[in-house]
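Biologist: I should like to go through the strand pairing and one loop residue of this protein. Could you show me the sequence and the structure?

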Amino acid sequence: MDLEKHPQKPVAPAEPRDAIRASDADRDRIADILRDALAEGRLDPEEHSERIDAVYRAKTVGELEPLVRDLPATTGHADATAYAYGPEQPSGPAENLVAVFSSSTRKGRWRVGGRTNAFSIFGSIEIDLTEALFGQRLTVINATSIFGSVEVRVPENISLRGSGTGIFGTFDVLTLEAADPEAPVVVVNGYSVFGNVEARPKRGRRIADLHDRLRKHLG
C-alpha cells in the first residue's frame, strides 16, 4: 500500500546572534568592561564617554560587541572590596548645618550620615568629605543658600551628582562618575537665591581603602 507522502517544511535558518535584540543585561555587561578599561587606563575619559553613549543607543548584540572588541573581555573588579562599608546607622534625623550671619564647617575625620541639611542665610557653610568615613554608599546633601554660600568638597574617586536651581545665584555641581561601581555616591540637591551652592572634587584627594580606614577608626 502506498503511503501518502507529506513534504517536510523547510527549517527556517537560525537568526544570527548579531541580530538578536540586546537586553539590559547585555548592555550592563559591556558597560562593565568599558568601566574597567577606563580604570586601567586603556581608554581615556572621552573615549569612554563616547562608547558608553553608543552602548545605550545599541539595539542589537551585534552593535554592542564592536565597542569592546579591542578590550579584555573579563572584568576583574579588583578594587571592589576596597569599598567595604561599615554597619549603617539606624534611620534617624538628618544632620543639620545652619549658618545665619555666621559660618559653619564640617571637615576632617568624621562619619557621614545618610542625609545632611545645610541652610545658609547671609552666612557660609563648608562640607569637606575628603577625609570622611562613609557608613553607607549613598549620601544626600540638601543645600539651601540665601545671600550666602554652601560649598561641598569630595574625594576625586567617588560619584558626585546633583540637581538644583540658582535664582539670581549659582547652583553648580560638577558631575563625577566613579570607575568603581561600589564607590560612594554623593548627591547634592537644593537651590540658591542671591547666593552660591557649589560641589566639586578636591584635587589630589582620593579614598584608597575605606575598609582599612573604617577598621582603624572604629576598632
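Modeller: The questions below concern this predicted model.

Biologist: In what order do the 5 strands of the open sheet stand?

Modeller: The pairing in this open sheet is parallel. From one strand to the next, the twist averages 10°. The order of the strands is β2-β5-β8-β12-β10.

Biologist: Which strands stand at the edges of the sheet?

Modeller: A strand at the edge has a single partner strand, so one side of that strand is left without a neighbour in the sheet. For β10, pairing with strand β12 (residues 196–201) is in the parallel sense over 4 bridges, and T170 stands opposite N196 in β12. The edge strands are β2 (103–106) and β10 (170–173).

Biologist: Over how many bridges does strand β9 pair with β11?

Modeller: Strand β9 covers residues 159–167, and its pairing with β11 is in the parallel sense. Within this pairing, R161 stands opposite V187 of β11. Strand β7 (residues 138–146) also pairs with strand β11 (residues 185–193) in the parallel sense, with G190 as the bridge partner of A143. For β9 and β11, the number of bridges is 9.

Biologist: Is L176 buried or exposed?

Modeller: L176 lies in the loop between β10 and β11. Beyond its sequence neighbours, L176 touches residues including V154, P155, I158 and P201, and its C-alpha atom is separated by 6.7 Å from that of R161, 15 residues apart along the chain. Buried means under 20% relative accessible area. Because its relative accessibility is 17%, L176 counts as buried.

Conventions. Residues numbered from 1 in each chain as written. Predicted model: local features only at pLDDT ≥ 70, side-chain atom pairs only at ≥ 80, totals over all residues. Heavy atoms only, no water. Pairing = 2+ DSSP bridges. Helix = DSSP H or I, 4+ residues; strand = E, 2+ residues; numbered from the N terminus. Axes fitted to C-alpha atoms, helices over the stretch in contact; angles between N-to-C directions. Buried < 20%, exposed > 50% of the residue type's maximum accessible area, 1.4 Å probe, protein only. Contact = heavy atoms within 4.5 Å. Lists of a residue's contacts leave out its neighbours within four places in sequence.
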